[in-house]
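Colleague: I should be grateful for a close look at the central sheet of this model, with the elements that surround it. Please treat it as one connected account, and define the terms as they arise.

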Amino acid sequence: MKKIIVANQKGGVGKTTTVVNLAASLALLGKKVLALDLDPQSNLTSSLGFDKRKVSPNIYHLLMNEVQPEEAIKPTSIPNLKLIPASPHLAGARIELVGFKDRETRLKEKLATLSGYDYIFIDPPPALGVLTLNGLVAAETVIIPVSVSYYALEGLSELLNAIRLVKRKLNPSLSLEGVLMTMYDLRVKLSSEIYLEVKNHFKEKVYQAVIPNNVKLAEAPSFGKPAILYDKSGKGTISYFRLAKEMLGISDQL
Ligand SMILES: Nc1ncnc2c1ncn2[C@@H]1O[C@H](COP(=O)(O)OP(=O)(O)OP(=O)(O)O)[C@@H](O)[C@H]1O
Ligand SMILES: [Mg+2]
C-alpha cells in the first residue's frame, strides 16, 4: 500500500484533477485505489459524483474521532476506486484540530488501520495549513503538479521547504514521487520554457507523461465522473492513463 499526496499550495494547478484521473486510471488498470478528499472545497468529492453538502460521515468525522475509516469510505462508479469524501464542514476542523496534541498526526493514525488498497491518494487544499500538514505526515510520497503559467515556479521553494521540514520533524521517510506538468499547451512557447526549467531542477523526477490543457478534463467534474468515463479516448484521458502506466512501469507503445 502506497500513500501519495498530490500537493502544491498554489491554487488551481490540477491537484484534484490529477487525483481523480490518476486514481481512476490505476483502478481501471486493476489496482485497488482509495482517494481521500482533504479539502473543505470538497472538489474531489463532487468530481466523483457526491453532493458535498450531504455526504456523511466524511473526513471531518474521521479526523474528529467520531467514526472509523471504513465507515467513511464510499464506493464510486469505478469498482476498484473508493472515496473518503469531504464536506465544507472540514473548514472547522482546521480550528478544532489546533486544540489536540496529535493534531498533525491524526490522519496518519487513522489511515494506519486501513488495509487492502494498493494506493491511497490524498487531495489537500491550496494552503500549507494543518490539513495539508496532516496529509504530508500521513503520506509516503508527494506528487507535485506544476501548471504551465507565468507564475508556475513561484511558491515551489516554499513547498519544498515545507516538505523538508515535515521530513525532518514528523515524517522522516517522506520522499518525492514525481513532478507532473499540467495544463500544458504545445502552441504556447511558455510551456516548453517552463518544462525545461522544471526538468532542469527536478531531473528524472519529472514524469514523461505531460497533461495537456484539455477542456474535457475541466468538464468531466460537472458530470460527477472521471474523464475516462466521460471522454474515453480524449487527449486528457489518455495523458492520465499514460501517467498511471508510467507509475506502474508498464511501457506505453500503443
Ligand atoms: N489539464 C487541464 N486542462 C484544462 N483544465 C484543467 C486541467 N486540469 C485542471 N483543469 C481545470 O482547472 C481548474 C483547477 O483544477 P483543479 O481543481 O484540479 O486544481 P487544484 O489544484 O485542485 O485547485 P485547488 O487548489 O483549488 O484545490 C478546474 O476547473 C479544473 O477542471
Ligand atoms: Mg483541489
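Modeller: Strand β7 (residues 175-182) runs parallel to β6, and seven bridges join the two. This is a predicted model, in which local features need pLDDT of at least 70 and side-chain atom pairs count only at pLDDT 80 or more, while totals for chains, interfaces and linings use all residues. Residues are numbered from 1 along each chain as its sequence is written, and chains are lettered from A and ligands numbered from 1 in the order in which they are written.

Some terms are needed at the outset. Helices (H or I, at least four residues) and strands (E, at least two) are DSSP runs, numbered from the N terminus. Two strands are said to pair if DSSP finds at least two bridges between them. A residue is buried if 20 or more other C-beta atoms lie within 10 Å of its own, exposed if 12 or fewer, and partly exposed in between, with C-beta atoms placed from the backbone.

Within the β6 and β7 pair, S147 stands opposite T182 in β7. Strand β6 comprises residues 141-147, and six of its seven residues are buried. The connection from this strand is also defined: β6, helix α8 (residues 156-169) and β7 form a right-handed β-α-β unit. Right-handed here means that, with the strands pointing away from the viewer, the path from the first strand over the helix to the second runs clockwise.

The pair belongs to an open sheet of seven strands, in the order β3-β4-β2-β5-β1-β6-β7, with mixed pairing. The edges are held by β3 (74-75) and β7, each with a single partner strand, so one side of each has no neighbour in the sheet. In general, strands of a sheet pair through backbone hydrogen bonds, either parallel or antiparallel.

On the other side of β6 lies β1. Strand β1 (residues 2-6) pairs with β6 in the parallel sense over three bridges, and I4 stands opposite T141 in β6. Strand β1 is also joined to strand β5 (residues 119-123), again in parallel, by four bridges. There I4 stands opposite F121 in β5. I4 thus has a facing residue in β6 and another in β5.

Strand β5 also contains I122. I122 counts as buried because 31 other C-beta atoms lie within 10 Å. Its C-alpha atom is separated by 23 Å from that of K216, which is 94 residues away along the chain.

Towards the other edge, strand β2 (residues 33-37) and β4 pair in the parallel sense over four bridges, with K82 in β4 as the bridge partner of L34. K82 is also the bridge partner of P75. That second contact belongs to the pairing of β3 with β4, which run antiparallel and are joined by two bridges. A hairpin of five residues connects β3 to β4. Strand β4 (residues 81-84) is covered on both faces: L81 and L83 on one side, and K82 and I84 on the other, are all buried. As a general rule, the side chains of a regular strand alternate between the two faces of the sheet.

Among the helices, α1 (residues 15-28) deserves attention. Its 14 residues reach 20 Å from the first C-alpha to the last, close to the 20 Å expected at 1.5 Å a residue; the expected span is 1.5 Å times one less than the number of residues. Because 13 of its 14 residues are buried, α1 is largely enclosed by the rest of the structure. After α1 comes G30, whose phi is positive, near 100°.

Helix α1 also gives the largest share of the shell around ligand 1, three residues. Of the 20 residues around ligand 1, K15, T16, T17, P126 and A218 come nearest; a residue is near a molecule or strand if its C-beta atom, placed from the backbone, lies within 6 Å of it. The elements that give two or more residues to this shell are α1 and α10 (215-219).

For the whole protein chain, there are 12 helices and seven strands. Buried residues make up 46% of its 254 residues. The C-alpha atoms fill a box of roughly 50 × 40 × 30 Å, taken along the principal axes.
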